Amino acid sequence: MAKGRNGGSRRKDGVWDPLKSSSTDRQRAEAVPKTPQTLSPAYRLAYVDEDFLCREELRPIRLQLELLKTEMMLTERGIRSTVVMFGGARIPAPGQSAWAARNEIQRANLEAASVYYDEARKFARLCSKYSAGFDFQEYVIVTGGGPGVMEAGNRGAADEGAPSIGLNIVLPHEQAPNVYVTPELSFNFHYFAIRKMHFMVRAKAIAVFPGGFGTLDEFFECLTLIQTGRMERLPLILFGEAFWRRIINFEALAEFGTIAPDDVKLISFVDTADAAWKIVQDFYEHREPGQSL
């Protein structure tokens with residue numbers, strides 16, 4: 001806090017606040033003499049008591065904290081919109097081995113899919129190049145923060161000197177942050193639901209690459225929100241038409257009647273980063289940087 005002329009204090013936002021801060025009292029509480037009373041868990045300040053915060057009854061508070069922390073930090077950074085990239089953690093970069101393969105068929109398929117790593121990286125570069133015209137506050141790349149396609153997205157942003165966001169989640173495997181995520185924008189979650197909210201709240205476009213259950217979950221979440229009108233329509237782009245047509249028969253859903261025929265039109269299929277970026281440009285009627293609107 002900034003000290004006033006009469007000894008008062010102002011918060012960072014300029015609001016006058018004569019009360020002692022939580023941080024100050026936390027430091028004071030840590031400095032008290034060590035006695036059986038002060039060492040008791042009951043004596044800990046509630047907001048710094050990790051055991052207390054992890055109690056089952058505190059779940060609503062933890063949900064709120066995961067929503068607030070990322071939102072506040074992105075707002076402080078000035079990030080107004082994002083381009084979301086989903087895709088498989090197990091897809092290797094070109095020339096690298098398929099570390100997740102369990103047999104030779106999987107190895108061949110995953111290593112062939114490295115083409116999507118390249119296209120994801122290029123798509124992120126195109127988005128980030130455009131983002132530079134907005135001081136990297138619009139069209140900021142956001143991924144799940146892990147390896148594979150996620151790494152390619154953050155790496156493509158880094159190629160352009162752009163910041164990028166990683167929304168990681170605690171898992172038993174696959175999900176350590178990749179080295180290309182901007183450290184100040186590298187977040188970690190316990191709750192899938194809150195993580196998915198953060199993917200959506202600033203999204204101007206969503207690009208989905210081949211992936212597994214997690215990618216499918218994220219894709220259908222977005223598609224359902226758009227289909228039901230709970231989210232504005234935006235470019236929802238599937239990379240790798242042959243892959244997606246093989247694993248999901250969208251037309252069969254429409255023919256059966258469980259979705260409307262026009263619902264299939266909510267999705268665009270592409271095979272290249274250039275085609276995907278053109279869809280985004282056309283949707284928002286953008287031009288290349290330097291060209292007039």
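These legends walk through several close-up views of a predicted model. Local features need a pLDDT of at least 70 and side-chain atom pairs count only at pLDDT 80 or more, while totals for chains, interfaces and linings use all residues. Residues are numbered from 1 along each chain as its sequence is written, and side-chain values use heavy atoms, with hydrogens and water left out.

**View 1. The open sheet and its strand order.**
Here seven strands form an open sheet with parallel pairing, in the order E6-E5-E4-E3-E7-E8-E9. Strands (E, at least two residues) and helices (H or I, at least four) are DSSP runs, numbered from the N terminus, and two strands pair if DSSP finds at least two bridges between them. Strand E6 (186–189) and strand E9 (268–270) are the edge strands, each pairing on one side only. On average, neighbouring strands of this sheet are turned by 25 degrees against each other, direction ignored; axes are lines fitted to C-alpha atoms, for helices over the stretch in contact, and angles run from 0 to 180 degrees between N-to-C directions. As a friendly reminder, strands of a sheet pair through backbone hydrogen bonds, either parallel or antiparallel.

**View 2. Strands E3 and E7, side by side.**
How many bridges join strand E3 to strand E7? Five bridges do so, linking residues 82–86 of E3 with residues 203–208 of E7, and the two strands run parallel. Look for Phe86, which stands opposite Val208 in E7.

**View 3. Two helices lying across the sheet.**
Helix H7 (residues 192–200) lies across E3, strand E4 (140–143), strand E5 (164–169), E6 and E7, and runs at about 165 degrees to E5. Helix H11 (residues 273–284) lies across E7, strand E8 (236–239) and E9, at about 170 degrees to E8.

**View 4. The largest nonpolar core.**
A nonpolar core is a set of buried Ala, Val, Leu, Ile, Met, Phe, Trp, Tyr and Cys residues joined through side-chain atoms within 4.5 Å. Buried means under 20% relative accessible area, exposed over 50%, and partly exposed in between (1.4 Å probe, protein chains only). The largest such core has 36 residues, of which Ile165, Ile206 and Phe219 touch the most other members. Helix H8 (residues 213–227) gives the most to this core, with four residues. Apart from it lies another core of 31 residues, including Tyr116, Tyr130, Val149 and Ala162. Which residues does Ile206 touch, not counting residues up to four places away in sequence? They are Val84, Phe86, Met200, Cys222, Met231, Leu234, Pro235, Leu236 and Ile237, with contact meaning heavy atoms within 4.5 Å.

**View 5. Thr38 in its loop.**
Thr38 is placed in the loop between helix H1 (22–30) and helix H2 (50–53). Its side chain reaches the backbone oxygen of Pro33 at 2.8 Å and the backbone nitrogen of Thr35 at 2.9 Å. Both are polar contacts, that is, pairs of N or O atoms within 3.5 Å; within protein, one must be able to donate a hydrogen and the other to accept it, and residues adjacent in sequence count only if both atoms are side-chain atoms. Leaving out residues up to four places away in sequence, Thr38 touches Val32, Pro33 and Tyr43.

**View 6. Salt bridges.**
A salt bridge is a side-chain nitrogen of Lys or Arg within 4 Å of a carboxyl oxygen of Asp or Glu, and by this rule the count comes to 19. Arg11 and Asp13 meet in one of them, at 3.2 Å from N to O; Arg11 is partly exposed at 35% relative accessible area, while Asp13 counts as exposed at 51%. Asp25 forms another with Arg28, with the closest N and O atoms 3.7 Å apart. Because Asp25 and Arg28 are three residues apart in helix H1, they are separated by about one helical turn. Glu251 and Arg245 also form a salt bridge, their closest N and O atoms being 2.8 Å apart. Salt bridges that share partners join Arg11, Asp13 and Asp17 into one network.

**View 7. Phe136 and Tyr139, two residues with positive phi.**
Most residues other than glycine have a negative phi. Phe136 nevertheless has a positive phi of about 55 degrees, and Tyr139 likewise has a positive phi of about 55 degrees. Phe136 lies in the loop between helix H5 (114–131) and E4, and Tyr139 is found in the loop between H5 and E4 too. Is each one buried or exposed? Phe136 is partly exposed, with 24% relative accessible area, whereas Tyr139 counts as buried at 1%.
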